[in-house]
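Trainee: I'd like a close look at just one part of this model, a pocket, and then at what else there is along the chain. Could you take me through it slowly?

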Amino acid sequence: MAPWALLSHGVLVRTGHTVLTWGITLVLFLHDTGYVNVQPQPQEEAKEEQTAMVPQAIPLRRCRFCMVLQPLRARHCRECRRCVRRYDHHCPWMENCVGERNHPLFVAYLALQLAVLLWGLYLAWSGLHFFQPWGLWLRSSGLLFATFLLLSLFSLVAGLLLASHLYLVASNTTTWEFMSSHRIAYLRQRPGNPFDRGLTRNVAHFFCGWPSGSWETLWVEEEEKEGRSQAV
């Protein structure tokens, strides 16, 4: 094979996919998911510092596992044994939590895999040529047809996962909050999602961190807006 054949379009596409897939996978395995820091402070000092940073109206709770005062949207992961900021879910495949810092990478990973699966699905379909008798066709194209069915199943699963996470991004909520809103104190006492700032701002904050600000501040602002609307 000539050396310049390594620079063909197909080789470059497969190389790019391999690099992106393993690169994002490695980051998902190793990237800091946004743990709640636990500093060895005296109990009274830590209590005063945490109380001063959070408005009194916010229903925070102390984690019964690691004994830290959890910020809003944080949850203790028993598998990781840490409190995770903006907890979404624990991924057993990568043995890490999907949280505030690595959730955008998880969505990018799903989008990349779906694109590759759809590309492979197109290639498998384009290689199928149906003819009779069916027995001869099955012997000659059975493996390719089975591959097509398998890729269809994987594409459906990846597409549903990506669509569900994009919905969560658009509404600024998490898998945990969506499934367990009736059991979460800061959501149970509110009629709607207090963190929803509209589609544009939700997507911009998720991928770019803009507009910045703590979830506690946003929760208090929504609480004040509801109070003024009820007063009127």
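Mentor: Sure, let's start with the word itself. A pocket here is an open set of grid points with protein on both sides within 12 Å along at least five of seven lines, and a residue counts as lining when it has an atom within 4 Å of a point. Keep in mind that you're looking at a predicted model.

Now go to the second largest pocket, which holds about 480 Å³ of space. Its lining is made by 24 residues, and those nearest the centre are Arg-61, Gln-70, Arg-75, His-76 and Trp-176. Sort the lining by class and you get 13 nonpolar, eight charged and three polar residues. Two elements, strand E1 (75-77) and helix H6 (185-188), each give at least two residues to this lining. E1 has the largest share, with three residues.

Let's step back along the chain from E1. The loop between helix H2 (43-53) and E1 is where you'll find Met-67. Met-67 isn't a glycine, yet its phi is positive, about 60°.

Next, follow the chain to the helices. UniProt, in an unreviewed entry, puts the feature "transmembrane region" at residues 106-125 and 145-170. In the model, residues 106-125 are 100% helix and 0% strand, with end C-alpha atoms 28 Å apart. Residues 145-170 are also 100% helix and 0% strand, and their end C-alpha atoms lie 37 Å apart.

Look at the loop joining helix H3 (103-126) to H4, too: Pro-133 sits there. The peptide bond leading from Gln-132 into Pro-133 is cis, with omega near 5°.

So how do H4 and H7 meet? The axes of H4 (residues 134-171) and H7 (residues 199-208) come within 7 Å and cross at roughly 110°. That angle makes H4 roughly perpendicular to H7, because angles of 65 to 115 degrees count that way. On the H4 side, the contact uses Val-169, Ala-170 and Ser-171, while H7 brings Leu-199, Asn-202, Val-203, Phe-206 and Phe-207. By class, that contact has six nonpolar residues, two polar ones and no charged ones.

One last stop: the loop between H4 and helix H5 (175-179) holds Asn-172. Here's another positive phi, about 55°, on a residue that is not a glycine.

Terms used
Residues numbered from 1 in each chain as written. Predicted model: local features only at pLDDT ≥ 70, side-chain atom pairs only at ≥ 80, totals over all residues. Heavy atoms only, no water. Axes fitted to C-alpha atoms, helices over the stretch in contact; angles between N-to-C directions. Helix = DSSP H or I, 4+ residues; strand = E, 2+ residues; numbered from the N terminus. Parallel < 35°, antiparallel > 145°, perpendicular 65-115°, else oblique. Contact = heavy atoms within 4.5 Å. Nonpolar A, V, L, I, M, F, W, Y, C, P; charged D, E, K, R; others polar. 1 Å grid on protein atoms, 1.4 Å probe; cavity = no way out; pocket = protein on both sides within 12 Å on 5 of 7 lines; lining within 4 Å. Points joined across faces, edges and corners; volume = space filled by probe spheres on them. UniProt positions renumbered as here; feature names shortened; annotations may be inferred.
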